[in-house]
Amino acid sequence: MSFARPITQSHRMKHLTSFLLLALSVTVLFAQPRTGGGQRPNVTGRLYGKIVDANGKGVEFASVQLLQNRMDTVTKKRSEAVIAGMLTVTNGEFSLENVPAFGPLKLKVSAIGYEEITQDVSFNLNAAGAKPGDMSAMAGALDKDLGNIRIVVSDKILDNVTVTSTKPGLTLGIDRKIFNVDKNITSAGGTAIDIMRNVPSLNVDIDGNVTMRNNSPQVFVDGRPSNLTLEQIPADAVQSVELITNPSAKFDASGGTACILNIVLKKEKKVGYNGSLRANIDSRARVGMGGDINLRQQKVNFFASGMYNQRRSISSGTTERYNFFSTPLEEVYQRDRSRQDGAFGFGRLGMDYFMSNRNTFSISANLARGGFKPNSTSYIDYGYPADPSLNEYQERFSNNKSNFRNLGTTVSFKHLFPKAGQEFTTDVTYNRSRNENTAFIETDYYNSANAGITPDRRFRQQQLVDGGSENTVIQADYANPINEKSKFEVGLRAQLRNNNSSNGFYIDSSNTGKYTIQPSSQMDYKSNDQVYAAYATYSAQHKTFGYQLGLRAESSNYEGELLKTSELFKIDFPLSFFPSIFLSQKLGETQSLQLNYSRRINRPNFWQLTPFTDSSDRLNPSKGNPGLKPEFTNSFELSYEKTFRNKGNFLASVYYKHTTDLITRFQEQGVGSGGEDIVISTYINANNSYVGGIELTSRNNLTKWWEFTPNVNIYQSRVDIAIPGEPEQERLTSYFAKINNTFKLPKNFSLQLSGDYQSKTILPPGGSNSRGGGGFGGGMFGGPASASQGYVRPNYGVDAAVRLEFMKNKTASISLNVNDIFRTRRSDIHSESTLFTQDSYRIRDQRVFRLNFNWRFGKFDPSLFKRKNLKGEREGSNIEMGQ
């Protein structure tokens, strides 16, 4: 039995006075003008919890105040000021919004009949120390649950929590890198591809294909798979990019030899409203515009954004090829000129509903839609040294039209338990896409000996492609800290995908504009696959040594069908296991060491499996291989991390990845529709491959105005196809270097200068699942050549941007960025086999300028839609300081 202290008149007066002082202090606080230009970034978060009595019952009308030690501008002395406060609601809960993320704070709780208590609190923003597999560590640190705070008749001293941190442009952790897009000027007005060009460790070619350590990463959007390509995501919609080099068992095992690339879209949770408006124009007179807004009132957070961008892409190139399979020997030289015009829009809409301090329901939807019209002209010379009378000249004109639509929806629920770190989350993600492509190709043939204005013959064809896909992911995760030093996590996941494609070629044999279908070319194909997974991880810390053990089990099956012939293709893997081990050792306060291992899988995608021969380029037919098997990769990585006094840090990683049944492009001999010998580009499972190397990354604040981030990756890679008669691939030692400089200049100017260099290296394996789209034209033999049959020559480029911030609190900015300043980025590829040798050279979109304008707006207003009253206070309206 507990006895409450008698409530006397003096007690009532004391707490009434306390409440009036709280209201008065907050009123004075809001009357003060805002100031800008602080030394620390304007980062805010939320503190919440529950006030309970000795029996665990919520205490209503308890006064909760948040204090911070500040300089009094009148007395010039430091004193504690109230920066936020409220009265608890019926169940004792409170929530303090827009709390400064830096510096120590004090939480003071008082209620009639209870002793007043004070405890020190602040946020834990130590992102670099996040445990492997905890992708939400950064966001969760700014949303802190103080748990149940017990107030009793007797005094009780609560434990203190005091941690401080910063928000740099790049955060380096042992298991991940987090790139803050707001600090990246060169990507303003562009797409996610432009962001990736500045992320350390990532290499981006001229067509937007992204690789890391010479392999393609698995791309997520907000932690889940998406049908969006990088070229369909505006850079201004992205908040940060997370690069997880060796994912643990908690993550999807798909992705094979590379990392997980998680794109986090912008979403604020500040009380009141805030947003931005943007516009841009480039040197090709293409315009873009967009905006976003967030509204947060009491239990509802609403967010929306929309962007529209026009694009013009110009490329040119040459291809030289010798066909040994041809009789007589055939020499081919081709020149290409391509141009693509188009536009796309991107929209996002969503809502968070805070059912209580520990229960949140969220729903969001993304919509992307656009169309492009690429056209290209090719001039092709065929030479036969043994018989010049066979020489021929061709002109090919290609006009295409493509449209895409993507819709993605996510519904999620999150429950936080009173024990810190214990939580349950579940979500459903649904993505749907549709693509339609129409291509008109006209080829004029001239005999070289009688070349004239009128072609000897003309060939016209039309290709119609219509495809769609649906992807549903259902996931549930539970985390339970056993104690302060150990944690257990489990989860379930199901992914269901459906794809369909319809292709057909039509020929205008009489050159009258009437096209007739080629029955042998028509193909209707559909497929579906399911992946079911469960995982469990256990992590613990013993003094300076920590470890995490994880195991993931996945069952998958794939079924494809050619609808016209009812031919079926099936691949089943009843059960596969994917273990992960992470070992870490702290070497003092500023150094740490980690050794990790994981096993992953890369399943062939829809286009790699589709057994359809694409003859849109009659010189380069290609087809999928329904007999492909998944590839399995074992990855090892040893990392060392050092933090410096200037808040910079250094990360060194030694890695090795070995893959069996590697999925790679391969070119083989075949027979064309006319009985002629041709080379067909397809996919095969190579015997095995490996890549190993050392990567060094550092973020340095060389001065107060200069941040310097270099990245170097030295590696060796090889693909062993083990096909009799085919030459073995040369073993290459390659390196990739990237440097990013950010300068803070006087008068609110800032400058960014970045560059990258790729040495000679083998081609990445085929089937990039990180492609940013944007490929068209591209030379006679289209797309990247075989990874097992070629290499890429050295390539480098430099980008720059300058920005001016103005207006009060720097709410407006103008920036000018330019890519490939010295016009040096190119695609220079050599490939060879027993059938041919080929050298292809291309350039694309060199030195394009873009002028951008951005204006941020917002206001902290807890009563934006409804004036506060006593009842509003009782419902939990917050009283806080605007940031």
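# A tour from strand E1 to the aromatic pairs

Start by selecting Arg 46 and Asp 143: Arg 46 stands opposite Asp 143, which belongs to strand E7. Keep in mind that this is a predicted model.

**Stop 1: the sheet around E1**

Select residues 143–150 to show the whole of E7, and add E1; the two strands pair in the parallel sense over 6 bridges. E1 itself covers residues 44–52. It is mostly covered, with 8 of its 9 residues buried.

Now add residues 93–100, which make up strand E4. E1 and E4 pair in the antiparallel sense, also over 6 bridges. For a marker on this side, pick Thr 44: its opposite number in E4 is Pro 100.

With the three strands displayed, read the order across the sheet. It runs E4-E1-E7, the sheet is open, and the pairing is mixed. E4 and E7 are the edge strands, each pairing on one side only. From one strand to the next, the twist averages 20°.

Go back to Arg 46 and show Tyr 48 as well. The charged end of Arg 46 sits over the ring of Tyr 48, 4.0 Å from the ring centre. As background, side chains in a regular strand alternate between the two faces of the sheet.

**Stop 2: a second arginine over a ring**

Select Arg 213 and Tyr 655. Arg 213 lies over the face of Tyr 655. The distance to the ring centre is 4.1 Å.

**Stop 3: the E21–E22 hairpin**

Select residues 392–416 for strand E21 and residues 423–447 for strand E22. They pair in the antiparallel sense over 25 bridges. Together they form a hairpin, with 6 residues between the strands. Zoom in on the turn and click Gly 421, which has a positive phi of about 90°. Then find Asn 406 and look across to E22: its bridge partner there is Ser 433.

Next, extend the selection to residues 457–483, strand E23. E22 and E23 pair in the antiparallel sense over 23 bridges. Thr 438 is a good place to check this, as it stands opposite Leu 464 in E23.

**Stop 4: aromatic pairs**

How many aromatic pairs does the structure hold? There are 19.

Stay with the hairpin for one of them. Show the side chains of Tyr 393 and Tyr 446. Their ring centres are 5.7 Å apart and their planes meet at 40°, so this pair is tilted. Tyr 393 lies in E21 and Tyr 446 in E22, so the pair ties together parts that are 53 residues apart in sequence.

Are these two tyrosines buried or exposed? Tyr 393 counts as buried, at 18% relative accessibility. Tyr 446 counts as buried too, at 7%.

Move on to Tyr 597 and Phe 636. Here the ring centres are 4.9 Å apart with the planes at 40°, so this pair is tilted. The pair links distant parts of the chain: Tyr 597 is in strand E29 (residues 591–602) and Phe 636 is in strand E30 (residues 631–643), 39 residues apart. Colour the two residues by accessibility. Tyr 597 counts as buried at 18%, whereas Phe 636 counts as partly exposed at 41%.

For a group of rings, select Trp 705, Trp 706, Phe 708 and Phe 743. These four residues form one aromatic cluster.

**Stop 5: a buried aspartate in a loop**

Select Asp 508. Where does Asp 508 lie? It is in the loop between strand E24 (486–507) and strand E25 (516–517). Its relative accessible area is 1%, so Asp 508 is buried, given that the cut-off is under 20%.

Show what surrounds Asp 508. Leaving aside residues up to four places away in sequence, Asp 508 touches Arg 460, Gly 513, Lys 514 and Tyr 515. Arg 460 falls within E23, the strand added at Stop 3.

**Last stop: the whole chain**

Zoom out and show the full chain. Its secondary structure comes to 5 helices and 45 strands. Of its 883 residues, 52% count as buried.

Turn on contacts between residues at least 6 apart in sequence. Of these, 70% join residues at least 24 apart. Finally, switch to the surface. The chain exposes about 39400 Å², and carbon and sulfur atoms supply 56% of that area.

Definitions and conventions:
Residues numbered from 1 in each chain as written. Predicted model: local features only at pLDDT ≥ 70, side-chain atom pairs only at ≥ 80, totals over all residues. Heavy atoms only, no water. Helix = DSSP H or I, 4+ residues; strand = E, 2+ residues; numbered from the N terminus. Buried < 20%, exposed > 50% of the residue type's maximum accessible area, 1.4 Å probe, protein only. Contact = heavy atoms within 4.5 Å. Pairing = 2+ DSSP bridges. Areas by Shrake-Rupley, 256 points an atom, 1.4 Å probe, with all protein chains shown as cover. Axes fitted to C-alpha atoms, helices over the stretch in contact; angles between N-to-C directions. Phe/Tyr/Trp six-rings, centres within 6.5 Å; stacked < 30°, edge-to-face > 60°. Lys NZ or Arg CZ within 6 Å of the ring centre and 35° of its normal.
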